[in-house]
Amino acid sequence: METVARIFESCREDRLPASRAGRVAVAQEAGAACTEVSESRARRIPFSVEMFPPKGQLTLDAARKVVEGLRAASPDFISVTCSAGGSGNGHGGQTVAIAELIQNEAATPAVAHFTCVSATASLVATEVEALRAAGVETVLALRGDLAPGQEPADFRYAYELIPRLKAAGLCVGAAAYPEGHIDCLDSRENIRHLRAKQDAGADFFITQLFFNNDDFYRFREAAESAGVAAPISCGIMPFLGKSQIQRMVFLCGSSLPAPIIKLLAKYEDDPVALRQAGIEYACNQLVDLGRHGVNGLHVYAMNQPDIACAAAEAVAAAGLR
């Protein structure tokens, strides 16, 4: 099974250069000519989706149904988060088992989330062996969240974990935060953390969700100026309702641009229309990102295949796949 790093590399080889100077030149073109050039630059962008283990009974049958639905979007890879309720990678969770299902039954490369903040070195070694036994070759190295009163074990940050995973022969991705991490809102420090993950061996990055593409473009420029060369895939999540978007803003620190606030007000009493507006907004984000030559498009599908398929169709219709 192809590693995710190789997927990014092969797509990059098929694309025209997307340097900062090249992007500026594209942006200065007018009308259809600009669209044609920028779409050519962005063709063959990796498209991926994320799922999480089903809540409640963490059965593989429930996960299998989700995977089957997501596969209809023809993603280049599917990432699977750590099990619900903070059960972690191998602490009775299903992350590895679902990643194995994605690869073996859906014949799609899988990325298993791998958190470290409460893990000992011996536990990490055990979980790496579980991944290798399952044939999973790519992981997303994350710090994870400590439970109240809990202290870190042998790893405090993801960059400390990455070398262990690389030494085990795994392809390793890491998280990127266009608006800064909730615990680190200093933009310069945020970029230094990103560079530290690359220096530790990260092969690629997937961003936290964001709603304003300009935030990502500024982040990309700063990352490139700091010498970050690993591909950065843009993580996009549609807003589906008021309570969901409130949780996202609180947990992730994402800002809400004016167009979203207006949509929330417009469809306040129509949840069906609000959900559709959220999906359309996300699709427009993805198309705009693709036309600006990003390295990858990653959809937080929330285990809802219609979201993944709508995103895939929008990206394809724009000539970006």
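Glu9 and Arg6 sit three residues apart in helix α1 (residues 4-14), which is about one turn of the helix. In this predicted model, that pair makes a salt bridge, with the closest N and O atoms 3.2 Å apart. Nine salt bridges turn up in the structure. Below is a quick tour of a few of them, then the nonpolar core, strand β4, helix α13 and two residues with positive phi.

**Salt bridges**

- Back to the pair in α1: Glu9 is partly exposed, at 42% relative accessible area, and Arg6 is partly exposed too, at 32%.
- Helix α8 (residues 187-200) has a pair with the same kind of spacing, since Arg192 and Glu189 are three residues apart there, or about one helical turn.
- The side chains of Arg192 and Glu189 meet in a salt bridge at 2.5 Å, N to O.
- Arg192 counts as partly exposed at 48% relative accessibility, and Glu189 is partly exposed as well, with a relative accessible area of 27%.
- Arg275 and Asp306 form another salt bridge, where the closest N and O atoms are 2.9 Å apart.
- Arg275 belongs to helix α12 (residues 271-291) and Asp306 to helix α13 (residues 305-317), so this salt bridge ties together parts that are 31 residues apart in sequence.
- Both ends of that link are partly exposed: Arg275 has 24% relative accessibility, and Asp306 has 38%.
- There is also a network, in which Asp61, Arg64 and Glu105 are joined by salt bridges that share partners.

**The nonpolar core**

- The largest nonpolar core takes in 96 residues, and the ones with the most contacts inside it are Phe47, Met51, Leu165, Phe205, Phe216, Ile232 and Leu289.
- Helix α12 supplies the largest share of this core, with eight residues.
- If you'd like to click on one of these residues, try Phe205: setting aside neighbours within four places in sequence, its contacts include Ala174, Ala175, Ala176, Leu194 and Val228.
- Phe205 also touches Ala230, Pro231, Ile232 and Ser233, and its contact list includes Lys197 and Gln198.

**Strand β4 and its partners**

- Strand β4 (residues 138-142) is mostly covered, with five of its five residues buried.
- Thr138, Leu140 and Leu142 point one way from β4, while Val139 and Ala141 point the other way, and all are buried.
- One partner of β4 is strand β3 (residues 110-115), and the two pair in the parallel sense over five bridges.
- To find the register between β3 and β4, look for Val111, which stands opposite Thr138.
- β3 and β4 also team up with helix α6 (residues 121-134) to make a right-handed β-α-β unit.
- Strand β5 (residues 171-176) is another partner, pairing with β4 in the parallel sense over four bridges.
- Here Ala141 has Ala174 of β5 as its bridge partner, and Ala174 is also one of the contacts of Phe205.

**Helix α13**

- How far apart should the ends of α13 be? At 1.5 Å a residue, its 13 residues should span 18 Å, and the end C-alpha atoms are indeed 18 Å apart.
- The buried residues in α13 include Ile307, Ala308, Cys309, Ala311, Ala312 and Val315.
- The buried residues of this helix pack against β1 (47-51), α4 (60-71), α12 and β8 (296-300).
- That means α12 meets α13 through this packing as well as through the salt bridge between Arg275 and Asp306.
- After α13 comes Gly319, which has a positive phi near 75°.

**Positive phi outside glycine**

- Ala107 is not a glycine, yet its phi is positive, near 50°.
- You'll find Ala107 in the loop between α5 (95-104) and β3.
- Is Ala107 buried or exposed? Ala107 has a relative accessible area of 52%, so it counts as exposed, the cut-off being over 50%.
- Met302 is another residue other than glycine with a positive phi, near 55°.
- Met302 lies in the loop between β8 and α13.
- With a relative accessible area of 16%, Met302 is buried, because buried means under 20%.

Notes:
Residues numbered from 1 in each chain as written. Predicted model: local features only at pLDDT ≥ 70, side-chain atom pairs only at ≥ 80, totals over all residues. Heavy atoms only, no water. Salt bridge = Lys/Arg side-chain N within 4 Å of Asp/Glu carboxyl O. Buried < 20%, exposed > 50% of the residue type's maximum accessible area, 1.4 Å probe, protein only. Core = buried A, V, L, I, M, F, W, Y, C linked by side-chain atoms within 4.5 Å. Contact = heavy atoms within 4.5 Å. Pairing = 2+ DSSP bridges. Right-handed = clockwise from strand over helix to strand, strands pointing away. Expected span 1.5 Å × (residues − 1).
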